Amino acid sequence: MKQTGGFESLYLACLLVIICLLPILRSGLYSDDIRNFDVASSFKHIPAFKFISSAQHEIDDWKDSGRYTPVAFFLQNFVFDYFNSVSGYKTFLLICNLLAVGSFMFLLFSFGLTGNFIALFVFLYSAEIQFRIQYHDAFTSLNGMYPLLTAIICLSVGFLSRFLGTNKRYYSLSALFSCV
């Protein structure tokens with residue numbers, strides 16, 4: 001009996017992740033996305049001075065509630081300016097999640113893991129996704145901030161690990177630029 005190789009199981013695990021993430025495309029707007037979707041479209045019609053005072057009010061509210069993340073404000077404007085339909089936004093979220101999984105696989109590969117071990121971790125990741133798709137989760141809402149943050153961290157640590165293992169300067173520069 002032929003034993004499956006590491007890359008075959010890796011491909012199967014990637015296929016499983018894609019299948020697990022497909023419900024994102026059929027989901028609606030959750031959590032803050034409902035409000036953010038409306039706010040982004042209404043900001044286009046507000047003069048600049050009113051926009052700044054409105055943004056300052058939002059920032060103060062976020063600070064008071066412990067949710068102040070300045071990058072999220074800019075990401076929110078970018079996402080809802082360019083993805084102004086629910087299906088486009090959900091496709092963006094699917095791509096962000098796939099990018100996070102891919103960068104996680106790169107991180108595992110940079111730590112020296114190969115085929116079957118990476119497939120096992122990707123399988124565990126996809127199993128975790130099945131338990132998380134709900135109203136306030138990072139997979140289906142929140143501007144794609146958490147999958148992008150996961151991708152940035154995994155890429156940065158992966159490039160740093162490669163640099164420490166090979167001492168090649170372009171890995172250190174990649175690690176620096178991926179976290180900036």
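**Exercise 1. Is F78 buried, partly exposed or exposed?**

Solution. The model is predicted.
- Step 1: the relative accessible area of F78 is 41%.
- Step 2: buried means under 20% and exposed over 50%, with partly exposed in between.
- Step 3: F78 is therefore partly exposed, at 41%.

**Exercise 2. Classify the ring pair of F78 and Y82, and place both residues in the chain.**

Solution.
- Step 1: by the pairing rule there are six aromatic pairs.
- Step 2: in the pair of F78 and Y82, the ring centres are 5.0 Å apart and the planes stand at 50 degrees.
- Step 3: planes under 30 degrees apart count as stacked and over 60 as edge-to-face, the rest being tilted. At 50 degrees, the pair of F78 and Y82 is therefore tilted.
- Step 4: both residues belong to helix 5, where they are four residues apart, about one turn of the helix.
- Step 5: Y82 has a relative accessible area of 60%, so it is exposed.
- Step 6: ring pairs also join F78 and Y82 with F83 and F92 in a cluster.

**Exercise 3. Describe the aromatic pair of F106 and F159, and say which helices it links.**

Solution.
- Step 1: the centres of the F106 and F159 rings lie 4.9 Å apart, with 55 degrees between the planes.
- Step 2: this pair is tilted.
- Step 3: F106 is in helix 6 and F159 in helix 8. The two residues are 53 residues apart, and their pair links distant parts of the chain.
- Step 4: F106 has a relative accessible area of 21%, so it counts as partly exposed.

**Exercise 4. Which residues have the most contacts inside the largest nonpolar core, and which helix gives the most to it?**

Solution.
- Step 1: the largest nonpolar core has 25 residues. Those with the most contacts inside it are V79, V101, M105, I118 and V122.
- Step 2: at least two residues each come from helix 1 (6-21), helix 5 (70-82), helix 6 and helix 7 (115-132).
- Step 3: helix 6 gives the most, with nine residues.
- Step 4: leaving out residues up to four places away in sequence, V122 touches A13, C14, V17, V101 and M105.
- Step 5: as background, nonpolar side chains in soluble globular proteins tend to be buried together.

**Exercise 5. Where does N97 lie, and what is it in contact with?**

Solution.
- Step 1: N97 is in helix 6 (residues 86-110).
- Step 2: its relative accessible area is 1%, so N97 is buried.
- Step 3: apart from neighbours within four places in sequence, N97 is in contact with L21, I24, F139 and P147.
- Step 4: N97 and L21 are 76 residues apart along the chain, and their C-alpha atoms are separated by 7.8 Å.

**Exercise 6. Set out the backbone feature of N143 and of N167, with the location and exposure of each residue.**

Solution.
- Step 1: most residues other than glycine have a negative phi.
- Step 2: N143, not a glycine, has a positive phi of about 65 degrees. N167 is not a glycine either, and its phi is positive at about 60 degrees.
- Step 3: N143 sits in the loop between helix 7 and helix 8 (145-166). N167 is in the loop between helix 8 and helix 9 (169-179).
- Step 4: N143 counts as buried because its relative accessibility is 5%. N167 counts as exposed because its relative accessibility is 62%.

**Exercise 7. Which residues form the nonpolar surface patch, and which helix supplies the largest share?**

Solution.
- Step 1: the patch is formed by L12, L15, I18, I19, L22, L25 and L98.
- Step 2: together these residues have about 590 Å² of accessible area.
- Step 3: helix 1 supplies the largest share, four residues.
- Step 4: L12 lies in helix 1. Its relative accessible area is 58%, so L12 is exposed.

**Exercise 8. Summarise the protein chain: how many helices and strands does it have, and what share of its residues is buried?**

Solution.
- Step 1: the protein chain has nine helices and zero strands.
- Step 2: of its 180 residues, 36% count as buried.
- Step 3: the chain exposes about 10900 Å², of which carbon and sulfur atoms supply 68%.
- Step 4: among contacts with a separation of 6 or more, 74% are between residues 24 or more positions apart.

Conventions:
Residues numbered from 1 in each chain as written. Predicted model: local features only at pLDDT ≥ 70, side-chain atom pairs only at ≥ 80, totals over all residues. Heavy atoms only, no water. Buried < 20%, exposed > 50% of the residue type's maximum accessible area, 1.4 Å probe, protein only. Contact = heavy atoms within 4.5 Å. Core = buried A, V, L, I, M, F, W, Y, C linked by side-chain atoms within 4.5 Å. Patch = residues over 30% accessible without salt bridge, like charges linked within 9 Å, V, L, I, M, F, W, Y side chains within 5 Å. Areas by Shrake-Rupley, 256 points an atom, 1.4 Å probe, with all protein chains shown as cover. Salt bridge = Lys/Arg side-chain N within 4 Å of Asp/Glu carboxyl O. Phe/Tyr/Trp six-rings, centres within 6.5 Å; stacked < 30°, edge-to-face > 60°.
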